[in-house]
Amino acid sequence: MPKLTYTTHLGMFDILPDESPKWRALENIIHEEAAKFNFEEIRTPILEQTELIKRGVGQLTDIVAKEIFAFTKGDSNYVLRPELTAPVVRSFVEHHLDQRGGSQKLYYIGPMFRAERPQKGRQRQFHQFGVEIIGSDDPVADVECIAFMMQIYRRIGIKNFDLKINSVGDPESREKYKSVLRDYLKPNFEELSELSQKRFEKNPMRILDSKEPEDQEFIKNAPVIRDYLNEDSSNHFELVCEYLNKLEIDFTIDPLLVRGMDYYTRTAFELTSPDLGSQDALAGGGRYDLLVEEIGGQPTPAVGFAAGMERLFIACEELDIALAPPKEVDVYIVTLGGAARTWGLTTLPKLREHGISATMDYLGRSMRAQMKDANRENANYTLIVGDNELEKGEFTLRNMKESEEDSFTLDGIIAKLA
RNA sequence: GAGCCUGUAGCUCAGUCGGUUAGAGCGCUAGUUUGUGGCACUAGAGGCCGUGGGUUCGAUUCCCAUCAGGCUCCCCA
């Protein structure tokens, strides 16, 4: 390969013209479905204060410990956002969105950045869409959030997935459970994996998430958090499950589901797909009732999820789902000679004015080459203009799909195609 | 941070058991039709065979290093 001087950074990708239609198609679906759910879009800066992410996501998480892109400029510490829950909550607090009344039903689409080793389904710049419902502790909010997530995949036609849910409890339940879990693991502490040993004190629940073979035996028989939930959290979880059943959303309760961010409380859920390979999470989320206060707002319950767009595309490819139709243009004006070329250039806006997409050759090519180009551009019609047509005021309109052509005045063509 | 794998035309890949001008398919340009696309045929453009060093009379081919990329672990979307 001839050496390129400038390339994208590792794990970062251009979305090229052949790819961009499917991105737009997905974005359109998200916007449309969000509108049906009455979610409102929020857009926040790519850069946030480093401290926000550290506080919001958690100092001990892998994301903060080793995956953030951060730099200092002047007196400010900047970080490329690794996720959007903390920034959205920051915005909610900063702009007093609670004053709009009710609960805020927000959604977002955009790029995130994590400094990980890239692999299939994992890039350094990647894209998520997601929802944050801030201001409600009702299980209805949890379930609407999940329902929205599922609706996106249902509409696209991805059906082959597994929705897992769990409750990670409220602080009171969790402290109780953590000590039970430590007591359970303690006799075998030395046999746990190195990583699990590190997590034992500060975050023993993450041990449940371990994939280390030596941990599995202990995880299998570990006490289950559901048995230690207090009444409120237990009722909350029961209701979430009940509502999901009522909505006929299939799920499995996974007592080992523990999510990576520190801010989760009560409901946690994850959508995985067997079509993705190693990085199999399509989307994940949960409730974070303490985060708003942590970031400096009034105590405010909230729930949300984030979904990976690249991973959704991988699943689409595996399932042969085309999100966007092939490109096409209504009219390609083929010109012969200088007068015709000028006519073509001035006719383009007249067609476009009537909502007809139109283009022509920019390279002064032969008619044959223009026809080939029209074919490549997937033109529905070619409008062929030479001296004959200019004289008569009637132009040849060729239907490229049917391979038939006829003569029309320009008004006739516009009437036919508009 | 660790493991495995790969670097030959725009893309996907052959190939040289080390030896004069490095190949295919697709794509691109043009022609066969100086007013007509998709099919076909013909021609053309496009590669210091990732980079540096070593072995050798000779390296794209062997060895070492380096850079880049991919997959996997970890973790997450």
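Me: If Asp, Glu, Lys and Arg count as charged, Ala, Val, Leu, Ile, Met, Phe, Trp, Tyr, Cys and Pro as nonpolar, and the others, Gly among them, as polar, how do the residues of the lining of the second largest pocket divide?

Reply: This is a predicted model, and in it the lining of the second largest pocket divides into 10 nonpolar, six polar and 10 charged residues. The pocket itself holds about 510 Å³ of space, and of the 26 residues that line it, Arg-174, Met-261, Asp-262, Tyr-263 and Tyr-264 are the closest to its centre. Because Asp and Arg count as charged while Met and Tyr count as nonpolar, Arg-174 and Asp-262 fall in the charged class, and Met-261, Tyr-263 and Tyr-264 in the nonpolar one.

Me: Which helix gives the largest share of the lining of the second largest pocket?

Reply: That is helix 6, with four residues of the lining. Helix 2 (50-57), helix 6 (171-185) and helix 10 (291-294) each supply at least two lining residues.

Me: Why is Ser-91 called buried or exposed?

Reply: Ser-91, which lies in helix 4 (residues 85-94), has a relative accessibility of 7%, and since buried means under 20%, Ser-91 counts as buried. Leaving aside neighbours within four places in sequence, Ser-91 is in contact with Ile-42, Thr-44 and Leu-97.

Me: And how do you know whether Thr-382 is buried or exposed?

Reply: The relative accessible area of Thr-382 is 0%, which is under the 20% cut-off, so this residue is buried. Thr-382 is found in strand 14 and, not counting residues up to four places away in sequence, touches Tyr-332, Val-334, Met-371, Ala-374, Thr-396, Leu-397, Arg-398 and Met-400. Between Thr-382 and Ser-91 there are 51 Å in space, C-alpha to C-alpha, and 291 residues in sequence.

Me: What makes strand 12 and strand 14 a pair?

Reply: Two strands pair if at least two bridges are found between them, and strand 12 (residues 329-335) is joined to strand 14 (residues 379-385) over six bridges, in the parallel sense, so the condition is met. Within this pairing, Ile-333 has Leu-383 as its bridge partner. Strand 12 also pairs with strand 13 (residues 358-360), again in the parallel sense, over three bridges, and there the bridge partner of Val-331 is Ala-358.

Me: How many residues of strand 12 are buried, and how many of strand 9?

Reply: Strand 12 has six of its seven residues buried, while in strand 9 (residues 265-272) eight of eight are buried; both strands are described as mostly covered. Strand 9 runs antiparallel to strand 7 (residues 162-167), to which six bridges join it, with Lys-164 standing opposite Glu-270. Strand 9 also pairs with strand 10 (residues 281-287) in the antiparallel sense over six bridges, and Phe-269 stands opposite Gly-285 there.

Me: Which residues of the largest nonpolar core touch the most other members?

Reply: They are Phe-129, Met-149, Tyr-153, Leu-163, Phe-305 and Leu-312, out of 48 residues in this core. Helix 5 (residues 139-156) gives the most to the core, with 11 residues. A second, separate core of 46 residues includes Val-88, Ile-219, Leu-229 and Leu-291. In soluble globular proteins, nonpolar side chains tend to be buried together.

Me: What is Leu-312 in contact with, leaving aside its neighbours within four places in sequence?

Reply: Leu-312 is in contact with Leu-26, Phe-129, Ile-152, Tyr-153, Ile-156, Ile-158, Leu-282 and Leu-323.

Terms used. Residues numbered from 1 in each chain as written. Chains lettered and ligands numbered in written order. Predicted model: local features only at pLDDT ≥ 70, side-chain atom pairs only at ≥ 80, totals over all residues. Heavy atoms only, no water. 1 Å grid on protein atoms, 1.4 Å probe; cavity = no way out; pocket = protein on both sides within 12 Å on 5 of 7 lines; lining within 4 Å. Points joined across faces, edges and corners; volume = space filled by probe spheres on them. Core = buried A, V, L, I, M, F, W, Y, C linked by side-chain atoms within 4.5 Å. Buried < 20%, exposed > 50% of the residue type's maximum accessible area, 1.4 Å probe, protein only. Contact = heavy atoms within 4.5 Å.
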